[in-house]
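Here are my notes on this one, jotted down while going through the packing and the charged pairs. Have the viewer open as you read.

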Amino acid sequence: QLQLVESGGGLVQPGGSLRLSCAASGFTLDYYAIGWFRQAPGKEREGVSCISSSGGTTNYADSVKGRFTISRDNAKNTVYLQMNSLKPEDTAIYYCAAELPAVRAMCVKTGSWYNNWGQGTQVTVSS
């Protein structure tokens with residue numbers, strides 16, 4: 001059974017950093033594109049970032065460009081989201097999702113494209 005588990009969330013002050021992890025079990029992430037999404041209370045889900053299965057293509061929402069970095073370690077079957085210079089508006093539940101792409105360089109930040117989701121991890125940015 002395919003399973004994704006996010007971790008690394010928590011409470012951090014504005015300007016601080018967190019690193020989220022998305023660990024896979026029951027399958028290998030090597031051939032999957034991965035997306036990170038977030039949803040704040042009362043708001044629609046937002047595509048934050050994605051990385052292709054090859055790792056060669058990444059994409060970021062304008063709201064996080066220059067502050068967040070997505071990466072993958074296939075040996076550990078894990079994808080990371082390094083979040084720096086956090087702002088209160090980054091507060092949300094963060095989810096990772098995985099999907100087999102048509103081509104290895106493909107990367108999608110649209111949630112409806114993904115069929116495998118984690119349970120989410122809460123990130124709260126507050127002083």
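1. Keep in mind that this is a predicted model. I'll start with a charged pair: Lys65 and Asp62 meet through their side chains in a salt bridge, at 3.2 Å from N to O. Lys65 is partly exposed, with a relative accessible area of 48%, while Asp62 counts as exposed at 66%.

2. How many salt bridges does a search of the whole structure find? It turns up four. Some of them share partners, and in that way Arg38, Glu46, Arg67 and Asp90 are joined into one network.

3. Within that network, take Arg38 and Glu46 together. Their salt bridge has its closest N and O atoms 2.8 Å apart. Glu46 is partly exposed, with a relative accessible area of 28%, whereas Arg38 counts as buried at 6% relative accessibility.

4. Arg38 also makes a salt bridge with Asp90, the side chains meeting at 2.9 Å, N to O. This pair links distant parts of the chain, with the two positions 52 residues apart: Arg38 lies in strand 4, and Asp90 in the loop between strand 8 and strand 9. Is Asp90 buried or exposed? Asp90 counts as buried, because its relative accessibility is 1% and the cut-off for buried is under 20%. As a general point, side chains of opposite charge can pair when their charged atoms come close.

5. On to the nonpolar packing. The largest nonpolar core has 29 residues, and the members that touch the most others are Leu29, Trp36, Leu81, Met83 and Tyr94. Which strands each supply at least two residues of this core? They are strand 3 (18-25), strand 4 (33-39), strand 5 (46-51), strand 7 (68-73), strand 8 (78-83), strand 9 (92-99) and strand 11 (121-125). In soluble globular proteins, nonpolar side chains tend to be buried together.

6. Leu81 is a good residue to click on. Setting aside neighbours within four places in sequence, Leu81 is in contact with Leu18, Arg19, Leu20, Trp36, Val48, Ser49, Phe68, Thr69, Ile70 and Tyr94. Trp36 and Tyr94 appear in that list, and both are also among the core members touching the most others.

7. Don't skip the second core, which is separate and has six residues. Cys50, Ala97, Cys107 and Tyr114 are among them.

Terms used:
Residues are numbered from 1 along each chain as its sequence is written. This is a predicted model: local features need pLDDT of at least 70, side-chain atom pairs count only at pLDDT 80 or more; totals for chains, interfaces and linings use all residues. Side-chain values use heavy atoms; hydrogens and water are left out. A nonpolar core is a set of buried Ala, Val, Leu, Ile, Met, Phe, Trp, Tyr and Cys residues joined through side-chain atoms within 4.5 Å. Buried means under 20% relative accessible area, exposed over 50%, partly exposed in between (1.4 Å probe, protein chains only). Helices (H or I, at least four residues) and strands (E, at least two) are DSSP runs, numbered from the N terminus. Contact means heavy atoms within 4.5 Å.
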